[in-house]
Amino acid sequence: MEKPEEISEKPPVEGEQIKKKFVVRSATDLQRIRLEKLMKNPNKPVAIPESPREKDHLSSVPSFVRNVMGSSAGAGSGEFHVYRHLRRKEYARQKHIQESSKREQMDVDYQEKLEANLRVAEEKTAKKRAKRLKKKAKAKKSKSTEEPKQDNEESDKSSTSEEENEKKSEK
């Protein structure tokens, strides 16, 4: 019968850190390990990769094809592969042209939509501003007219409040 091996842990020496071995079980563990590694030395510069650039099909595909041929009867067996390669390049070129025109159209549509939204927002703001100024002017006018009426009798106040109620109901 074998005895299980004893695990002896040495006490850490001063200045030496205990290294723990992590087992990566999920993407969050991997992310946590990477963040801990970055945060061990915050003064160390971090290399941030650039975003990948779009593949430019036009640079690899010539716009003028000199060796124009078709897959016709009588062509050699090697000519078909050349034709197929040229055809694939032409399709890639046309696809790139269509994608770029679609992207430009989407940009134009987006800019038009932004301008329309700004216009609508300005119109709403102008309308609310006019309403606010009109209300302010009306309040100022009614305040200036109420000051001399304070000397009048109570009956006049009740009649003015009835008129105000009628005006509110009309709105």
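Buried means under 20% relative accessible area, exposed means over 50%, and partly exposed lies in between (1.4 Å probe, protein chains only). The model is predicted: local features need pLDDT of at least 70, side-chain atom pairs count only at pLDDT 80 or more, and totals for chains, interfaces and linings use all residues. Residues are numbered from 1 along each chain as its sequence is written, and side-chain values use heavy atoms, with hydrogens and water left out.

**Exercise 1. The overall layout**

Task: State how many helices and strands the protein has, and what share of its residues count as buried.

Solution.
- Step 1. Take the elements as DSSP runs, numbered from the N terminus: helices are H or I with at least four residues, strands are E with at least two.
- Step 2. Count them. The protein has four helices and zero strands.
- Step 3. Read them in order. From the N terminus, the run is α-α-α-α.
- Step 4. Turn to burial. Of the 171 residues, 3% count as buried.
- Step 5. Add the surface. The protein exposes about 17600 Å², and carbon and sulfur atoms supply 53% of that area. Accessible areas come from the Shrake-Rupley method with a 1.4 Å probe; for residues, only the protein chains shown count as cover.
- Step 6. Look at contacts (heavy atoms within 4.5 Å). Among those in the protein with a separation of 6 or more, 42% join residues 24 or more positions apart.

**Exercise 2. A network in helix α1**

Task: Find which residues are linked with D29 in a network of salt bridges.

Solution.
- Step 1. Fix the term. A salt bridge is a side-chain nitrogen of Lys or Arg within 4 Å of a carboxyl oxygen of Asp or Glu.
- Step 2. Start at D29. D29 bridges to R32, with the closest N and O atoms 3.5 Å apart. Both lie in helix α1, three residues apart, about one turn of the helix.
- Step 3. Move on from R32. R32 also forms a salt bridge with E36, where the closest N and O atoms are 3.7 Å apart. R32 and E36 are four residues apart in helix α1, again about one turn of the helix.
- Step 4. Join the two. D29, R32 and E36 form one linked network.
- Step 5. Check the cover. D29 counts as buried because its relative accessible area is 17%. R32 is partly exposed at 34%, and E36 is partly exposed at 35%.
- Step 6. List the neighbours of D29. Leaving out residues up to four places away in sequence, D29 touches V23 and V24.

**Exercise 3. A bridge in helix α3**

Task: Describe the salt bridge between R93 and E90, and say whether each residue is buried or partly exposed.

Solution.
- Step 1. Give the distance. The side chains of R93 and E90 meet at 2.8 Å, N to O.
- Step 2. Place them. Both residues sit in helix α3, three residues apart, about one turn of the helix.
- Step 3. Sort them. R93 has 18% relative accessibility, so R93 counts as buried. E90 has 25%, so E90 counts as partly exposed.
- Step 4. Set this in the whole. A search of the full structure finds three salt bridges.

**Exercise 4. Patches on the surface**

Task: Name the residues of the negative, positive and nonpolar surface patches.

Solution.
- Step 1. Fix the rule. Patch residues have over 30% relative accessible area and no salt bridge; like charges are joined within 9 Å, and nonpolar side chains (Val, Leu, Ile, Met, Phe, Trp, Tyr) within 5 Å.
- Step 2. Fix the charges. Lys and Arg count as positive, Asp and Glu as negative; His and the chain ends are not counted. The place of a charge is NZ of Lys, CZ of Arg, CG of Asp or CD of Glu.
- Step 3. Find the negative patch. E104, D107, D109, E112 and E115 make it. E115 belongs to helix α3 (residues 79-149) and is partly exposed at 48%.
- Step 4. Find the positive patch. K124, K127, K128, K131 and K135 form it. K128 is in helix α3 and counts as exposed at 57%.
- Step 5. Find the nonpolar patch. L35, L38, M39, V46 and I48 make up about 540 Å². L38 lies in helix α1 (residues 27-40) and is partly exposed at 40%.

**Exercise 5. A pair in space**

Task: Give the distance in space between I33 and V23.

Solution.
- Step 1. Place I33. I33 is in helix α1 and is partly exposed at 24% relative accessibility.
- Step 2. Read the separation. I33 and V23 are ten residues apart in sequence and 9.8 Å apart in space, C-alpha to C-alpha.
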